Amino acid sequence: MATVTAVSATVNAVGAVGSLIGNPLTKDFDVGKHVASFGPNLAWKIYEGKKKTTGQEVSLVVLEKRLLDKVDKRDRDVVMETMKKGPVQIDKT
């Protein structure tokens, strides 16, 4: 399964795939079920997905930024600094 990192996408409700409707992520991908969470306060969510144009199976990695409000400032700053460096940096870590 190919991995697609969608780090700029956010989810408005914890684990609710329905909240992805209207999200730019849904323009290019069909979002499937939630399969895992990780990171501070489990703010990162992984969803099954398929690229609409090719049908390729992907894993969509989504950051729920609002969940970072509840974590230690130092941890939040590390996550946000990593976000600024972009998906390429995240793939390397």
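# Briefing on a predicted protein chain

The protein chain exposes about 5700 Å², and carbon and sulfur atoms supply 52% of this area. The model is a predicted one. Three helices and four strands make up the elements of the protein chain, and from the N terminus on they follow the order β-α-β-β-β-α-α. Of the 93 residues in the protein chain, 30% count as buried. Where contacts link residues at least 6 apart in sequence, 45% of them join residues at least 24 apart.

**Strands β2 and β3**

- Strand β2 covers residues 29-38 and runs antiparallel to β3, with seven bridges joining the two.
- One bridge partnership sets D30 against K50 in β3.
- Next to that position in the chain, V31 stands opposite G49 in β3.
- The hairpin of β2 and β3 leaves five residues between the strands, and G39 there takes a positive phi near 85°.

**The loop between β2 and β3**

- N41 belongs to the loop between β2 and β3, and its phi is positive, at about 55°, although N41 is not a glycine.
- N41 counts as partly exposed because its relative accessibility is 36%, a value that lies between the limits of 20% for buried and 50% for exposed.
- L42 is also placed in the loop between β2 and β3; it is not a glycine, yet it has a positive phi of about 50°.
- With a relative accessible area of 45%, L42 is therefore partly exposed.

**Strands β3 and β4**

- Strand β3, residues 44-51, pairs with β4 in the antiparallel sense over seven bridges.
- Y47 has L60 as its bridge partner in β4, while K45 stands opposite V62 in that strand.
- β4 is mostly covered, since six of its seven residues are buried.
- The hairpin that β3 and β4 form has five residues between the strands, and G55 in the turn shows a positive phi of about 80°.

**T53 in the second hairpin loop**

- T53 is located in the loop between β3 and β4.
- The relative accessibility of T53 is 68%, so this residue counts as exposed; the limit for that class is over 50%.
- T53 and F29 are separated by 24 residues in sequence, and their C-alpha atoms are 8.4 Å apart in space.

**Nonpolar cores**

- In soluble globular proteins, nonpolar side chains tend to be buried together.
- The largest nonpolar core here consists of nine residues, namely A43, W44, V61, L63, L67, L68, V71, V79 and M83.
- Both β4, which spans 57-63, and α2 contribute at least two residues each to this core.
- A second core, separate from the largest one, has six residues, among them L25, F29, Y47 and V62.
- Two members named for the second core recur elsewhere in this briefing: Y47 is the bridge partner of L60, and V62 is opposite K45.

**L68, a member of the largest core**

- L68 is situated in the loop between β4 and α2.
- L68 counts as buried because its relative accessibility is 2%, and the limit for buried is under 20%.
- Once neighbours within four places in sequence are set aside, the contacts of L68 are P40, A43, L63, R76, V79 and M80.
- Among these contacts, A43, L63 and V79 are listed with L68 in the largest nonpolar core.
- L68 and M80 lie twelve residues apart in sequence, with a distance of 9.3 Å in space from C-alpha to C-alpha.

**Helix α2**

- Helix α2 runs over residues 73-85 and contains 13 residues.
- From its first C-alpha to its last, α2 reaches 19 Å, which is close to the 18 Å expected at 1.5 Å a residue.
- The N-terminal end of α2 is capped by D72, which has a side-chain oxygen 3.1 Å from the backbone nitrogen of R74.
- An α-helix has 3.6 residues a turn, so residues three or four places apart point the same way.
- V79 and M83 both appear in the largest nonpolar core.

Key:
Residues numbered from 1 in each chain as written. Predicted model: local features only at pLDDT ≥ 70, side-chain atom pairs only at ≥ 80, totals over all residues. Heavy atoms only, no water. Expected span 1.5 Å × (residues − 1). Polar contact = N/O pair within 3.5 Å; in protein donor to acceptor, adjacent residues only side chain to side chain. Core = buried A, V, L, I, M, F, W, Y, C linked by side-chain atoms within 4.5 Å. Buried < 20%, exposed > 50% of the residue type's maximum accessible area, 1.4 Å probe, protein only. Contact = heavy atoms within 4.5 Å. Areas by Shrake-Rupley, 256 points an atom, 1.4 Å probe, with all protein chains shown as cover. Pairing = 2+ DSSP bridges.
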